[in-house]
Amino acid sequence: MKSCPNCNRTYTDASLNFCLEDGTPLVNAPAPGLDPNATIRYDPRDTKAPPNQVPYKAPPPSYQPMPPVHQPGSSFGQQSSSPLPRAGVPAKKSNLVWWVLGGAVVAGVIVVGVAVMILALASMGSNSNANVNRANTNARTVNRNTNLNANTNASLPTSLTDDFSTAKWGTGKYDFGEIWYADDQYHMRAKEKTYLVMYAPADYKTGNATVRVTARSVEGTPTQSGFGLIVHGERSASNQLEDYALLINVGDEPKYEIIKHKNGVQSAIVPWTKSNIIRNGTNPNQLEVRARGSDLMFYINGQYVDRITDTENFKGGVAGLYTSDVAEVAFDDLEIKR
């Protein structure tokens, strides 16, 4: 039996070491009938504890963050300013370890950054070489195109004019109308509801050239499909018309149209468009086409009106003239410049 020397409570549980009421270490209570003042024989050589006494075991230190239980004159439960490590938990490592780990991380970041920089520089170098190669390729392409154009146009005159004072174009009566020279002009008249086309001689090439001609309606009568200037005209393998043309109509509401002949079939690329640039009645109008590679730009009386792309690659053809219906049309001062 054990008792508390402070509150005199007794406990029969031998495993208890502290009072459950106030935490005071328990002591063995004298057995009933025994004289507490009797002498007890104790051999100092005996390593065992004296009879009826249990060796005192200090309570395990507490490291939980709970308020201490404090009794006057006792340190039980008081938190230590430098608590010992828990059993089974390794002691806290020195700050040197963290410095070493931090240094390793920084070194790793530096190595990765250097690797990324090297890869980026290598990629830039590769792109630079690729761009240089492309530039060289483009330069070769430009040179090749320049040589092709130079060779193609080498045999052609840089400038050609025809005031129609000398008969060089075809004349006569044809299935679709008639053509003749008069007053140093080239006259054309188509049959009703048809159109009439005449191509120039073979040396009137229009590739990469500016082509101009003056055209007028002799009676001031508008034509059904207009009249105008042809560029890149040539015959197909089946002897059909293939070309582009800028046409005008000089009626009460002047307008222009850009057409294409392909295998003899006429189609509108730019449909009839009203324009106050066009002079109506018998007034002459200058029609102009500027061919630059596959680009065709159209002008009327010196003013730009439209442009198209030569998707058919007709640029090896010649100049030509076009009229429609029964109205008489006269052409003059044809010019081709490169």
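1. Two strands are said to pair here if DSSP finds at least two bridges between them. In this predicted model, strand E1, covering residues 2–3, meets that requirement with E3, since two bridges join the two strands, which run antiparallel. Within this pairing, Ser3 of the chain stands opposite Val27 in E3.

2. The pairing of E1 with E3 belongs to a wider arrangement, an open sheet of three strands in the order E2-E1-E3, with antiparallel pairing. Strand E2 (10–11) and strand E3 (27–28) are at the edges of this sheet and have a single partner strand each, so one side of each is left without a neighbour in the sheet. As general background, the strands of a sheet pair through backbone hydrogen bonds, and they may do so in either the parallel or the antiparallel sense.

3. The loops that connect these strands also deserve a look. Asn8 is found in the loop between E1 and E2, and it has a positive phi of about 65° although it is not a glycine; with a relative accessibility of 60%, Asn8 counts as exposed. In the loop between E2 and E3 one finds Asp22, which is buried, with a relative accessible area of 15%. Asp22 and Cys4 are 18 residues apart in sequence, while their C-alpha atoms are 8.9 Å apart in space.

4. A positive phi is also found at Lys193, a residue other than glycine, where the value is near 60°. Lys193 has its place in the loop between strand E7 (185–190) and strand E8 (195–199), and its relative accessible area of 65% makes it exposed.

5. A further antiparallel pairing joins E4 and E18, over four bridges, and in it Ser159 stands opposite Lys337 in E18. Along strand E4, which spans residues 159–162, the side chains alternate: Leu160 and Asp162 point to one face and are buried, whereas Ser159 and Thr161 point to the other face and are not.

6. How many salt bridges does the count come to? The total is eleven salt bridges, and one of them is formed by Lys260 with Glu312, whose closest N and O atoms are 2.9 Å apart. Lys260 lies in strand E12 (residues 255–262) and Glu312 in the loop between strand E16 (303–309) and strand E17 (318–324), so this pair ties together parts that are 52 residues apart in sequence. The two partners can also be described by their accessibility: Lys260 counts as buried at 15% relative accessibility, whereas Glu312 is partly exposed, with a relative accessible area of 26%.

7. Salt bridges also link Arg212, Glu288, Arg290, Glu335 and Lys337 in a network. Within this group, the side chains of Glu288 and Arg290 meet in a salt bridge at 2.5 Å, N to O. Glu288 is buried, having a relative accessible area of 3%, while Arg290 is partly exposed, with a relative accessible area of 26%. Glu335 forms a salt bridge with Lys337, and here the closest N and O atoms are 3.2 Å apart. Lys337, already met as the residue opposite Ser159, counts as partly exposed at 39% relative accessibility. In general terms, side chains of opposite charge can pair when their charged atoms come close.

8. Charge also gathers on the surface, where Asp163, Asp183, Asp184 and Asp333 form a patch of negative charge. Of these residues, Asp333 can be placed in strand E18 (residues 329–337), the strand that pairs with E4. Is Asp333 buried, partly exposed or exposed? Its relative accessibility is 44%, so Asp333 counts as partly exposed.

9. The surface carries a nonpolar patch as well, made by Val106, Ile110, Val114 and Ile118 and covering about 370 Å². One of these residues, Val114, lies in helix H1, which runs over residues 95–154. Val114 is partly exposed, with a relative accessible area of 44%.

Technical notes. Residues are numbered from 1 along each chain as its sequence is written. This is a predicted model: local features need pLDDT of at least 70, side-chain atom pairs count only at pLDDT 80 or more; totals for chains, interfaces and linings use all residues. Side-chain values use heavy atoms; hydrogens and water are left out. Patches are made of residues with over 30% relative accessible area and no salt bridge: like charges are joined within 9 Å, nonpolar side chains (Val, Leu, Ile, Met, Phe, Trp, Tyr) within 5 Å. Accessible areas come from the Shrake-Rupley method with a 1.4 Å probe; for residues, only the protein chains shown count as cover. A salt bridge is a side-chain nitrogen of Lys or Arg within 4 Å of a carboxyl oxygen of Asp or Glu. Lys and Arg count as positive and Asp and Glu as negative; His and the chain ends are not counted. The place of a charge is taken as NZ of Lys, CZ of Arg, CG of Asp or CD of Glu. Buried means under 20% relative accessible area, exposed over 50%, partly exposed in between (1.4 Å probe, protein chains only).
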